[in-house]
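Here are my notes for you to read alongside the model. Take the points one at a time and find each residue as you go.

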Amino acid sequence: MRRFLKYILIILSLALLLVVTIVATVLLQNVDPKQEEPNIQTYTFADTLANREYDLDSLRAIIGDNKGLPEGFEIAAAIAYSAYPQLKEVNIDMILTQSGAPMESTVDIWSLFGLKRNRQYLILLNDAQNTFFDPILLRSLPFDAQVGILAHELGHIAYYHKLNLFQFDKWGLGYLRSDEFRAIHERTTDLMPVYHGLGSQIYQYAYFVRKDSSCVAFYEKEKGFMNKYYMTDEELSEVVGQ
Ligand SMILES: [Zn+2]
């Protein structure tokens with residue numbers, strides 16, 4: 001019996017050591033919340049993308065067959081994907097949900113433990129009816145604003161894909177625990193569409209959710225949050241010259 005207890009103690013000690021090592025490894029990671037301009041050739045898009053003909057098959061060939069397109073928003077999503085050539089080999093799905101934040105980019109947790117090329121990223125798009133978020137949900141936005149906000153979400157994925165498992169954990173801790181960390185990350189993620197040729201589209205999104213008559217009441221309630229964590233239309237206007 002005493003021998004048995006001794007084994008249990010050894011196993012518990014090893015488990016504790018493992019947990020301490022993992023926690024220490026996560027905490028020692030140096031993760032900058034700031035998004036950087038990518039060092040790649042990106043496309044330039046027209047200031048207005050709505051009311052044109054698009055061939056979904058041609059777009060699919062550009063973005064890769066590992067991309068999920070949300071029903072009803074296929075073209076806007078495919079254009080946003082096409083702005084990120086560095087994500088061509090990356091598995092990403094966009095899923096309409098009935099709850100949660102209006103938009104959220106995440107990763108399938110289990111896929112974080114495998115090879116990077118097998119990672120599965122998810123962009124969750126709240127499409128619930130009759131909720132507080134109605135005016136700013138994807139279906140309520142004009143086409144160009146849809147492309148702009150999806151390009152913002154893909155900016156998160158481009159950032160996540162540069163992180164290893166421990167860095168991703170450290171990023172998550174920073175995002176949850178520090179307002180400043182979160183604000184720097186979200187505000188510089190608003191620049192990702194700009195860096196990828198969709199500056200006009202993210203500007204149109206920021207303008208619509210603040211100035212369109214359908215969003216004014218929502219904005220009045222949420223402007224403290226929105227203007228702290230996201231770039232305003234005025235700020236984006238200075239960057240994109242609109
Ligand atoms: Zn974001």
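**Notes on the sheet, core and pocket**

1. Start with a single pairing: T97 has N126 in β3 as its bridge partner. This is a predicted model, in which local features need pLDDT of at least 70, side-chain atom pairs count only at pLDDT 80 or more, and totals for chains, interfaces and linings use all residues. Residues are numbered from 1 along each chain as its sequence is written, and side-chain values use heavy atoms, with hydrogens and water left out.

2. Now zoom out a bit. Seven bridges join β1 to β3 (residues 120–126), in the parallel sense; strands are DSSP runs (E, at least two residues), and two of them pair if DSSP finds at least two bridges between them.

3. The open sheet has three strands, ordered β1-β3-β2, with mixed pairing. β1 (91–97) and β2 (103–107) are at the edges with a single partner strand each, so each has one side without a neighbour in the sheet.

4. Next, the largest nonpolar core (buried Ala, Val, Leu, Ile, Met, Phe, Trp, Tyr and Cys residues joined through side-chain atoms within 4.5 Å; buried means under 20% relative accessible area, with a 1.4 Å probe and protein chains only). Among its 58 residues, I92, L141, L154 and W171 touch the most other members. Helix α4 (residues 143–160; helices are DSSP runs of H or I, at least four residues) gives the largest share, 10 residues.

5. Which residues does W171 contact, leaving aside neighbours within four places in sequence? They are V31, Y159, Y160, L163, F181 and H185, where contact means heavy atoms within 4.5 Å.

Definitions and conventions
Buried < 20%, exposed > 50% of the residue type's maximum accessible area, 1.4 Å probe, protein only.
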